Amino acid sequence: NRDYSNDYIHSTLLPCQTVGVQGDCRSYSALVALSSKGSPDWCSLFDLAKQIPKKIHGINRVCYVFGDILPQGAETTITPTRLCPAVIKQLQHADDIVNQTLVKYDLIRPLSQVPVILFPVNFGEEGKRSICIRTFITNDFMTGVPAVPGVHIPIQALEEIVKNILDTVPGIVRVCYDLTAKPPGTTEWE
């Protein structure tokens, strides 16, 4: 029950839904993006990621958006996206960057799965899309937790992933990091 009113963390409801788990059923609910001034306070971000879906049942996933803090009321529109060779290439390029970095930092075994998600939110930059990194640690895939930066994944590795995606993958406006446990989120996005 920490008071975040004086912290520099903003929340933004994104114009897309993700799949989640509520009880024995799958649900499609809203995605919330958190952004902050300066370096992310991972402890506070993970605390908020646990609290938000518990208090607002229409939200099942929370992610952190790297880069400048999103202003309150930030424009978050969608880039119409179809599965075509250019879009597939964009995702493959980002996925390759993530996987090369995981190998470099010897993270293939400690992390159970690391889906890379291309999603159509353009944060006000028409024609662009975003990437979300979903690190996942589990024994059985029935439940699991995201890797905590600085604990399960080196912050330097994450910064390298973000920088390389933004610098080399055309058409990507933001990189996000999924903060959601399972439940309420699922292992992967739909």
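## A mixed six-strand sheet and its largest pocket

Let's start with one pair: Ala 30 has Ile 59 as its bridge partner in S3. A quick word on terms: helices (H or I, at least four residues) and strands (E, at least two) are DSSP runs, numbered from the N terminus, and two strands pair if DSSP finds at least two bridges between them.

Keep in mind that this is a predicted model, where local features need pLDDT of at least 70, side-chain atom pairs count only at pLDDT 80 or more, and totals for chains, interfaces and linings use all residues. Residues are numbered from 1 along each chain as its sequence is written, and side-chain values use heavy atoms, with hydrogens and water left out.

Ala 30 belongs to a bigger story, that of S2 and its partners. S2 (residues 25-36) runs parallel to S3 (residues 59-65), joined by five bridges, and Ala 33 stands opposite Cys 63 in S3. With S1, S2 pairs in the antiparallel sense over 12 bridges; here Val 21 faces Arg 26 in S2. The S1–S2 hairpin has two residues between the strands, and its Gly 23 takes a positive phi near 65 degrees. S2 is mostly covered, with nine of its 12 residues buried (under 20% relative accessible area; exposed is over 50%, partly exposed in between; 1.4 Å probe, protein chains only).

Zooming out, six strands make an open sheet with mixed pairing, in the order S1-S2-S3-S6-S5-S4. S1 (9-22) and S4 (116-119) each have a single partner strand, so one side of each is left without a neighbour in the sheet. On average, neighbouring strands are turned by 30 degrees against each other, direction ignored.

Two helices go with the sheet. Contact means heavy atoms within 4.5 Å; axes are lines fitted to C-alpha atoms, for helices over the stretch in contact, and angles run from 0 to 180 degrees between N-to-C directions.

| Helix | Strands | Angle |
|---|---|---|
| H1 (residues 42-55) | touches S1, S2, S3 and S6 (172-178) | about 160 degrees with S3 |
| H3 (residues 155-168) | lies across S5 (129-133) and S6 | about 155 degrees to S6 |

As for empty space, the largest pocket has a volume of about 250 Å³. Its 15 lining residues include Ala 49, Lys 50, Ala 181, Pro 183 and Pro 184, the closest to its centre. On a 1 Å grid over the protein atoms alone, a pocket is an open set of points where a 1.4 Å probe fits, with protein on both sides within 12 Å along at least five of seven lines; lining residues have an atom within 4 Å of a point. Grid points are joined across faces, edges and corners, and a volume is the space filled by probe spheres set on the points. H1 gives the most to this lining, with five residues.
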